[in-house]
Structures are given as structure tokens and as C-alpha cells.
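I opened this model to look up its aromatic pairs, its nonpolar core and the protein surface along one DNA strand. My notes follow.

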Number of protein chains: 2
Amino acid sequence: MQVSLPALKAFESAARLGSFKAAAAELSISPTAVSHHITNLEQRLNVSLFRRETRKVILTAPGRELAVATSQGFQTINTALEDISRNDKQIKVATTSSFAALALLPALQRYYEQYPHSKVNITSGEEINTDHFSLSVRLGALAEQADGDVLIRERFNLYGNARLTTQLDQTSPITIYTTRWKNSALPEVPLQAWLNHNDLSYRQFEVRYFDQELFGIQQALLENACVFCSTTLTRDYVKAGLLTESGYPPIDSALCYYIENKDSLITRHNVMFIEWLGELLKQH
Amino acid sequence: MQVSLPALKAFESAARLGSFKAAAAELSISPTAVSHHITNLEQRLNVSLFRRETRKVILTAPGRELAVATSQGFQTINTALEDISRNDKQIKVATTSSFAALALLPALQRYYEQYPHSKVNITSGEEINTDHFSLSVRLGALAEQADGDVLIRERFNLYGNARLTTQLDQTSPITIYTTRWKNSALPEVPLQAWLNHNDLSYRQFEVRYFDQELFGIQQALLENACVFCSTTLTRDYVKAGLLTESGYPPIDSALCYYIENKDSLITRHNVMFIEWLGELLKQH
DNA sequence: TTTACAGATGAGTAAAACTCATCTATTTTG
DNA sequence: CAAAATAGATGAGTTTTACTCATCTGTAAA
């Protein structure tokens with residue numbers, strides 16, 4: 001069926017509006033072009049699609065049939081195009097509560113300063129994202145991720161307020177908050193390794209667990225207690241003087257933040273955002 | 001959303017076939033053209049639609065979304081185009097049993113001689129036709145039809161075999177078959193007027209009724225009786241010597257054959273057929 | 001290693017889509 | 001009732017788009 005699609009579009013518009021002139025206006029072309037298109041269609045299909053009356057055109061029976069189909073067909077396509085376009089205009093990020101609250105949201109102000117016309121929509125929560133257009137920033141096993149997807153390898157250290165962290169060698173037990181993931185497939189927080197590395201012992205501490213890093217960090221702030229957690233998440237608090245990093249060096253973990261579905265989402269805005277995020281996390 | 005429709009078509013094909021090369025073959029264009037189209041689409045939409053891997057392309061998430069929509073949309077349009085095309089290739093005529101059996105079907109052989117590549121499909125019956133593409137040849141009130149739709153005004157006369165029609169003035173009653181329409185809105189067969197006009201009286205005849213002219217004509221043939229009916233329907237039988245027209249002149253009726261939905265069905269084949277039908281019926 | 005293959009890229013060409021000027025047949029208006 | 005206005009048709013000429021060809025790249029199979 002060799003009919004030209006622009007001709008079908010012209011027909012669809014003319015059929016819907018009941019006028020070649022109106023269709024021409026809608027399509028930003030001349031009424032002559034519409035007339036040519038429809039004549040062309042009629043010749044190729046070998047049917048008259050409109051009955052011409054003075055100052056108006058009326059669909060014939062085959063015309064009506066085709067009008068219904070083109071109208072529906074182009075509508076379907078157009079809806080998808082608009083959906084893609086709409087989703088492209090705003091950046092959607094799905095991530096964990098901890099990363100959102102402690103890394104992403106506090107930095108977002110700077111992103112808007114750099115790209116004032118962007119709209120970023122951040123969703124946190126563990127539920128798997130079904131939206132085709134969301135970037136998923138997730139915490140996972142470093143070994144399982146493709147190199148290109150990894151944003152940053154996670155390092156851990158002990159944090160507290162100034163007074164507490166200088167008293168680590170005290171005899172009285174100190175409370176340490178840390179994280180035990182709900183998802184057991186995830187590599188553990190390297191508290192044991194960190195203690196071993198620094199010749200420390202569990203016995204000096206009372207270790208308490210949350211299933212999200214955010215909670216431990218907040219609890220430590222509230223109680224002036226310690227928290228063993230990611231350097232990424234504490235950076236802003238350390239800068240603000242609310243937390244102090246222990247005198248011991250941080251330890252590498254088997255964890256990383258990565259972008260789950262990177263290559264399915266290459267829009268210009270997403271690429272920009274991913275780049276910015278990479279830069280943000282590298283600033284150590 | 002200013003994307004080119006040929007580009008969308010190329011995308012649809014490539015998405016469905018999973019290959020630019022295959023899409024190119026399907027569309028009878030070069031693979032280069034497909035590549036250009038898709039690059040163009042991706043730039044305008046600002047999303048990557050395919051992930052390129054060696055020797056194959058894989059849809060991204062937005063690509064999949066668009067593919068579903070384009071596939072469905074073009075399918076809808078294409079189905080309608082094919083339907084129109086298919087219906088255009090054959091001429092469909094819906095008419096009464098009488099007209100089909102006595103006028104149309106016997107003459108069809110000559111139509112095929114004139115237009116050997118035509119396919120004519122004739123449906124008879126009283127049920128109203130729902131097919132958008134059928135020509136309806138119907139018997140109706142002359143006064144109610146637009147001039148352009150009328151094929152022929154119906155005239156009536158008495159028919160029988162040679163012996164019977166010469167004996168009309170006999171004293172013994174003669175049987176006359178004629179028609180009383182099921183549809184009471186239709187003007188009556190002008191038997192009374194014909195009798196009056198020729199100074200004849202009902203008393204000379206035994207009048208019997210069928211609801212279709214065809215039945216009366218066939219009964220007259222079988223019984224060597226008379227039938228008062230349309231000149232259009234008897235023409236072939238008269239020519240063949242099976243029926244003889246009475247010595248009295250035919251009478252005009254308020255009936256006509258007309259084409260019900262003429263201007264909704266202007267395909268080239270239909271136009272040809274309508275013209276031929278007009279000529280056929282004019283030959284008196 | 002060579003060959004083959006799918007697609008990318010850029011420049012030039014062929015083919016549409018489109019516009020303009022002109023014309024027709026109404027319909028509206030002064 | 002004539003003049004103007006309107007929607008569309010038509011044909012010639014122009015612009016834009018779609019397309020091809022030649023060339024190139026990266027990868028997989030021979």
C-alpha cells in the first residue's frame with residue numbers, strides 16, 4: 001500500500017476538522033498542499049474520500065472508515081511521542097532513602113544553580129521501579145556491576161562528635177550504630193574488617209543495628225553516639241561540623257553506588273545528570 | 001512534536017525486525033536511509049531509541065515504548081487502507097431478488113466481456129445493507145429520489161404467451177399475477193390505472209398477488225398465465241420469446257430503480273459499473 | 001589474520017512536499 | 001442583483017526532505 005504518510009496525516013487532520021483550510025492551518029502548510037495531498041491519496045487508493053461541496057467537504061463512506069483509522073493510529077503514536085518528550089524534560093531518579101537524604105537532596109541546590117531549567121524528581125524507597133524513564137541509583141555489590149555503571153566505591157569509617165571520637169580507647173563501652181542490610185545478598189558493612197585493621201575489639205563497643213544507614217547516622221547525631229557508615233553519606237555533616245571522622249583511616253568495602261539501567265536511558269538531560277553525579281561523588 | 005512520519009515508519013520497521021538492514025529491505029530503501037531516519041528521530045526526541053551492538057541493535061526503554069505505539073498505530077491505519085483497497089477491487093451490489101435474477105445477473109456476462117478484470121459480487125435480499133462498500137440498487141418512490149440517483153423510471157405492462165395475450169377480450173376470466181409490496185410505503189403497481197386507461201375491467205380477470213415481481217413472472221411462465229409487471233424485468237424474456245408484451249401500451253409508474261448511496265462510493269470501478277448499468281437499463 | 005557484516009557518516013542527488021498564481025463555483029454582503 | 005468573499009482545484013516552479021553512494025568503524029566469524 002504505497003501511500004505517503006504526510007498525505008495520510010493531512011487527510012486525518014482534514015477529516016477531523018472537516019476543512020482543508022483548517023487542516024492546513026493545523027499542519028502549518030498551505031491549503032493547496034492539503035488539497036494536493038488528498039487528491040494524491042484518492043488517486044492512489046482509487047476512491048473518493050471527500051465529497052466536495054461549496055465551502056465544505058464531506059467524508060464519503062470509505063473516507064469515514066479511513067478517518068477513524070488514521071485518527072486512532074496517529075493518536076496512539078502521538079501519545080507515545082508526547083510521553084517520551086515529557087519524560088525527557090524532567091530527570092527522574094529513584095534511589096535509597098539514605099542516599100537521597102544525605103547525598104542527593106542536599107546537593108540538588110547546586111545542580112539547579114548549574115542547570116536552572118532542569119527539573120529533577122527524586123523518589124526514594126526500596127520498591128523496584130517500574131517507570132521506564134527513571135534512573136535508578138542503587139547500592140550494590142561492586143563485583144556484580146559493569147565498570148561503566150559504577151558511580152563510586154563505598155568506603156566506611158567511624159563517625160561521632162569531636163569528644164566521642166577522641167575517646168575511643170576509653171575503657172567504658174561506647175555505642176556504635178551501624179547497618180545490617182535487609183537484603184542479605186548485599187555485602188556486609190565492613191565493621192569487623194575495620195576493627196581488625198585498627199587493632200580494635202568489639203568488646204570496647206556496644207554495636208546496634210538499623211537496616212538503613214540514614215537511621216544510624218541520625219541516631220548518632222541525636223545521642224552524640226558513634227556511627228560506622230559510608231564516607232559518601234557523612235561528607236556534608238562532616239563539612240558542617242556536625243560529625244567528625246575518626247582518627248583511623250576509612251576502609252574500602254565491597255559495596256558501590258551504581259546506575260542500574262544506564263544505557264536504556266540516554267537522554268541529554270540524563271547524561272548531564274549522571275555526569276554531574278559522578279563529579280559530585282568524586283569530590284573527596 | 002515535529003518528527004517525520006517516514007522516520008517513524010522506518011523506526012517501526014527496524015524495531016519490529018530488530019535490524020536496520022531488514023527494515024531497509026522491507027521498505028525498499030537503503031540501510032543508510034534507515035540509519036539516517038533513526039538518528040534523526042533520536043536527535044529530535046532527544047533520546048536514544050536503540051542501543052547499538054555489533055551486528056545488532058537493541059531497543060532501549062523509550063524505544064520499546066515508541067515501538068509498541070508505532071507498531072499499533074501503523075497497523076490500525078494499514079488495516080483500513082487494505083480494507084479500502086480490497087473493497088475497491090471488487091464491485092459489490094446489493095439489490096432485490098427480482099432485479100438481480102431478471103435484469104442484473106443475465107446481463108452480467110456482457111459486463112465481464114467489457115471489463116474482463118472486474119469482479120462483481122451481487123447480493124439480493126431485503127435486509128438493509130451494512131457494508132460501507134456496497135452499491136444498493138433499490139426499488140423506490142420516484143418522487144423521493146434525487147434525480148442523479150435514479151437509474152430508470154419503472155413502466156408496467158401485461159405479459160403472457162402469444163396466445164393468451166391476444167385473447168384478452170374473451171369472456172372467460174383470465175388469471176393475472178401481479179405484485180403487492182411487503183413495504184406499504186412503496187407506490188403500488190399501477191394495475192388499476194392500466195386497466196382504466198385501456199378500458200378494461202377487473203371482472204375480466206382473476207388477479208393474484210405475490211410480494212415479489214420475480215415470483216409472479218415465474219408463475220406466469222409455468223402456468224402460461226399473465227403477469228402485470230415491470231418492463232425492465234421482462235425485457236430479456238420478451239427478447240427470448242418466452243413472454244409477449246400485451247398489445248396495450250405500457251404505463252408509467254411512480255416507482256423507479258435508484259442507487260441508494262451513490263456519492264459515498266465513488267471508486268473507479270463503481271463509477272464504471274453505475275455507468276454501464278445506466279446504459280443497460282436505457283436500452284429500450 | 002583475513003574476511004565479512006551491520007551500521008555510521010558526509011556529500012551529493014532524486015523525489016517528495018510545498019508554495020504561488022490563477023481559476024471555478026458557489027455564497028454572502030452591500 | 002452585482003460585487004466581494006470564500007473554499008477548494010489546478011499547474012508550474014521552488015524548497016525541503018528523503019534517499020543513495022562512497023567511505024569508514026568496530027566486531028565477529030572463517
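I checked B:F11 and B:F50 first: both are buried (buried means under 20% relative accessible area, exposed over 50%, partly exposed in between, with a 1.4 Å probe and protein chains only). This is a predicted model, where local features need pLDDT of at least 70, side-chain atom pairs count only at pLDDT 80 or more, and totals for chains, interfaces and linings use all residues. Residues are numbered from 1 along each chain as its sequence is written, chains are lettered from A and ligands numbered from 1 in the order written, and side-chain values use heavy atoms, without hydrogens and water.

**Aromatic pairs.** I found 24 over all chains. Rings of Phe, Tyr and Trp (its six-membered ring) pair if their centres lie within 6.5 Å; planes under 30 degrees apart count as stacked, over 60 as edge-to-face and the rest as tilted. A:Y111 and A:Y115 have ring centres 4.8 Å apart and planes at 45°, so I logged the pair as tilted. A:Y111 is buried at 0% relative accessibility. A:Y115 is partly exposed at 22%. Both belong to a cluster that ring pairs build with A:F273 and A:W276.

Then back to B:F11 and B:F50. Their ring centres are 5.5 Å apart with planes at 55°, so this pair is tilted too. B:F11 sits in helix α1 (residues 5–17) and B:F50 in strand β1 (residues 50–53) of chain B, so the pair ties together parts 39 residues apart in sequence. Helices (H or I, at least four residues) and strands (E, at least two) are DSSP runs, numbered from the N terminus.

**Core.** Which residues have the most contacts inside the largest nonpolar core? I got A:F11, A:F50, B:F11 and B:F50, in a core of 56 residues. A nonpolar core here is a set of buried Ala, Val, Leu, Ile, Met, Phe, Trp, Tyr and Cys residues joined through side-chain atoms within 4.5 Å. I listed partners of A:F11 beyond four places in sequence; among them are A:I38, A:L49, A:F50 and A:L66 (contact: heavy atoms within 4.5 Å).

**DNA strand D.** I counted 19 residues around the strand, with A:S35, A:R52, B:S30, B:H37 and B:T54 the closest (near: a heavy atom within 4 Å). Of the strand's atoms within 4 Å of the protein, 66% belong to sugar or phosphate and the rest to bases. A side-chain N or O atom of A:R52 is 2.4 Å from a phosphate oxygen. For B:H36, the partner is a base oxygen at 3.2 Å.

Note on methods: A polar contact is a pair of N or O atoms within 3.5 Å; within protein, one must be able to donate a hydrogen and the other to accept it, and residues adjacent in sequence count only if both atoms are side-chain atoms.
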